[in-house]
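Trainee: Could you give me a close look at how the pieces pack against each other here? I'd like it as one connected story, with the cut-offs included.

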Amino acid sequence: MKFFKLLFASASTLLFASVVNADSITVVSWGGAYTKSQVEAYHKPWQNKTGNQVVSEDYSGGLAEVKAQVESGNVTWDVVDVELSDALQGCDEGILETIDPSTLPAAPDGTPAAKDFMDGALQECAVGNIVWSTIYAYDKTKFSTPPTTMADFFNVEKFPGKRGMRKLGKAMLEMALMGDGVPAEEVYDLLGTEAGVQRAFAKLDTIKDHVVWWEAGAQPPQLLADGEVTMTIVWNGRIFNAIAAEGQPFGLVWDGQVYDLDLFVIPKGSKNKEAALDFIRFSTDTQRLADQASWINYGPVRASSIPLIGSYHSDPSIKMIDHMPTTEAALKNALQNDFEFWADNGEELNERFNAWLAN
Amino acid sequence: MLASQNNNNQKVLTTDGIPLKKKLSKALFRSRLRAFGLVTPLLLLISIGFVFPIIVFLTRGVYNDTFEKYMVNLTPILSEWDGKSEPTEDMYEALVLDLVWLKETKNIGKVASRMNRELSGSRSLFTSSARKAKKLEAPFKESLTKVKKKWAKLETWRAMKVTSQSLSPVFLASALDMKYTADGTIVQKSPERRIHVKLFIRTLEISLVVVIAGLILGYPVAFLLANLPIRISNLLLILVLLPFWTSLLVRTTAWIAMLQGQGVLNDLFVVFGIATDQDRFTLIYNKAGTLISMTHILLPFMILPIYSVMKTIPPSYVRAAKSMGATNWTAFWRIYFPQTIPGIGAGAILVFILAISFYITPALVGGQDGTMISNFIDYHMRKSLNWSLAAAMGGVLLVIILFLYWVYDRVVGIDNMKLG
């Protein structure tokens, strides 16, 4: 009898707990230092304000899980941090909820959200939060004269050692062309032609034997730290974190950077849609986006956030504004990822990239 | 009545007058029913949770009705079109009608991504044209080609014809590096796009090498386990089982720590002067890494069946052979070894089938030339979202495994296998 009472009690506690947890949402992002910045700048303040819970999960990009959840009707993710091309594709395929931009909070000076967000950051189904960039970094201890250009990355004679690269066509092909001397503004026109694609692969061929391929964003700083590579393609926030927080002797090169947006989306059929919307509205307001930038050097997409960017959370001497991918110096030879180009040619180019890799 | 009585008289009866045969079969039937009842849950679980989903998923490899389902007006016209003549105004009109409807129902993305797999660049062609479709006026051929020139191209229409066939070998062909065209022919892809056949071959090659390496490494260990005094052999057995109980992921990561450029093994090589500090061996993120770690991970599956078969071989056989003048080698090769073949067969087929579908380990340590076909199935499941192609590749892999199983049965015989 006592046993059953106990069982009943624990069952009812469980039931009760799940009722209380009804307003707990699952926010999915890319893990590592990036997720930490979001937890500190978005999750914690939102939890304090609303009393709701945020469960943070990691993934490594792509729409597969979202698609699987929506198609099976068992949607467990409420907010997902995705790349621009995925936000558009997911919206086209009808697996994302639409988000009305007019419900987003205006800037402190009254500028409506639609004008405050940068171009492309507000989509039918997505709200942007950061600008991030694919750049390359190197181990300072390995080179007496540091590399400065994209061409140096592909020059294994002058800068010997292994290279880390992302195992994906996107951004690698653009960088190969820029490393071959193509100016940023001509890259996509050239990549749209057969000759351009061949030129990109020919450039990649020159370092193929020296490349260690990575897939998750946390890998490249580790490869550098382990001495497995002397230079690696890396997301700018990850490498900044290794330098600023872990004191690693790494340098980074902005020349030839490929920058892109990350956006929040809600999978269609999310059980906590209202809470998810509230989370997105809260997280993408001016102050929150500026706060996030003091944890990692990904640039906020709101113009009104820029003046509010402070210094690094643990070291006030590092002014974060100088480390954003969107500073004038960093943008000198920079390329914005062309989502439409990749939406159209991604399949074809990735297939060729894979075939090239396996041969 | 009389006839049946006569009949009954000739049969053996049980005490209650029912023929023994009938009673026996009744009893047997009941026990059979009970046995069946006991396995029913498992049977249901397997068919609902395993066989059925696999079949459903495999059909995706040959059946994809995205186009037919959403392009309701155009599909019937396309099926009658010969694929060579100039597209007619009717076809353009049907296309515009479908585009308008797709835009309104928000299904344009599905068709656009399906088409983009057939013809690169179709995604934006479809989505941007659908945005303007509502405002278009007849003649549609003219107004649509004004929006996008590609609509005038025969290539676009031929791609639509291929996509409009729901039941088609288009994905199977793609899984074998070929292309199914609108004329119904299948042609090989250009060399820089061929990849799958090479990967299938590499997968078989890696699996085979893992089996052979496992046999060479595992057989002596199994022999020791079976023949050493029980106290030592038990300790050895634990050493074999310990990694077996450890997570696959942990063992793979341990191999990364062992084999990488700055890893334990390379450090030792440098200390002993086998390699220089600048020029260390590349033992991981390539085929060597995959082979080494897979062999280690699958080794227990080779050792255990061989060991359990060896355990059952009476030592007196070898002693008898020796007493009749056989040398150590002859006694082993002619007497002992043939008796272990069922164990070798079981171990080899177990390791081979596990190896052929291995995917976590090659994904982590495979680099560029150590990845296997399963990694590409995974890629199309998770990254490119081309589930139809993934299903087709999975289907091909399944057929290869079944074929090899059939060959194995013919050559070695599946009955000639023992797990203990």
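Mentor: Sure, chain B first: it splits into domain 1 (2–59), domain 2 (66–164) and domain 3 (196–411), with bounds from an automatic or database domain assignment. Keep in mind that this is a predicted model, where local features need pLDDT of at least 70, side-chain atom pairs count only at pLDDT 80 or more, and totals for chains, interfaces and linings use all residues. Residues are numbered from 1 along each chain as its sequence is written, while chains are lettered from A and ligands numbered from 1 in the order in which they are written. Between domain 1 of chain B and domain 3 of chain B, the C-alpha centres are 43 Å apart.

Now zoom in on two helices of chain B, α11 (residues 196–227) and α15 (residues 287–311). Helices here are DSSP runs (H or I, at least four residues), strands are E runs of at least two, and both are numbered from the N terminus. The pair packs at an angle of about 45°, axes 6 Å apart; the axes are lines fitted to C-alpha atoms, for helices over the stretch in contact, with angles from 0 to 180 degrees between N-to-C directions. That angle is why α11(B) counts as oblique to α15(B) (under 35 degrees is roughly parallel, over 145 roughly antiparallel, 65 to 115 roughly perpendicular, the rest oblique). The crossing of α11(B) past α15(B) is right-handed, meaning the near helix is turned clockwise from the far one by less than a right angle. Their contact is made of 21 nonpolar residues, four polar and one charged (Ala, Val, Leu, Ile, Met, Phe, Trp, Tyr, Cys and Pro are nonpolar; Asp, Glu, Lys and Arg charged; the others, Gly among them, polar).

Over to the contact between the chains: 27 residues come from chain A and 31 from chain B, a contact being two C-beta atoms, placed from the backbone, within 7 Å. On chain A's side, α3 (64–72), α4, β6 (211–214) and α14 (339–358) each give at least two residues. α14(A) has the largest share, 14 residues. By class, that side has nine nonpolar, seven polar and 11 charged residues.

Chain A has its own split: domain 1 (23–131 + 261–323) and domain 2 (133–260 + 326–358), with C-alpha centres 26 Å apart. Domain 1 of chain A puts 23 residues into their contact and domain 2 of chain A puts in 18. On the domain 1 side, α2 (32–50), α4 (84–92) and β11 (315–319) of chain A each supply at least two, and α4(A) gives the most, four residues.
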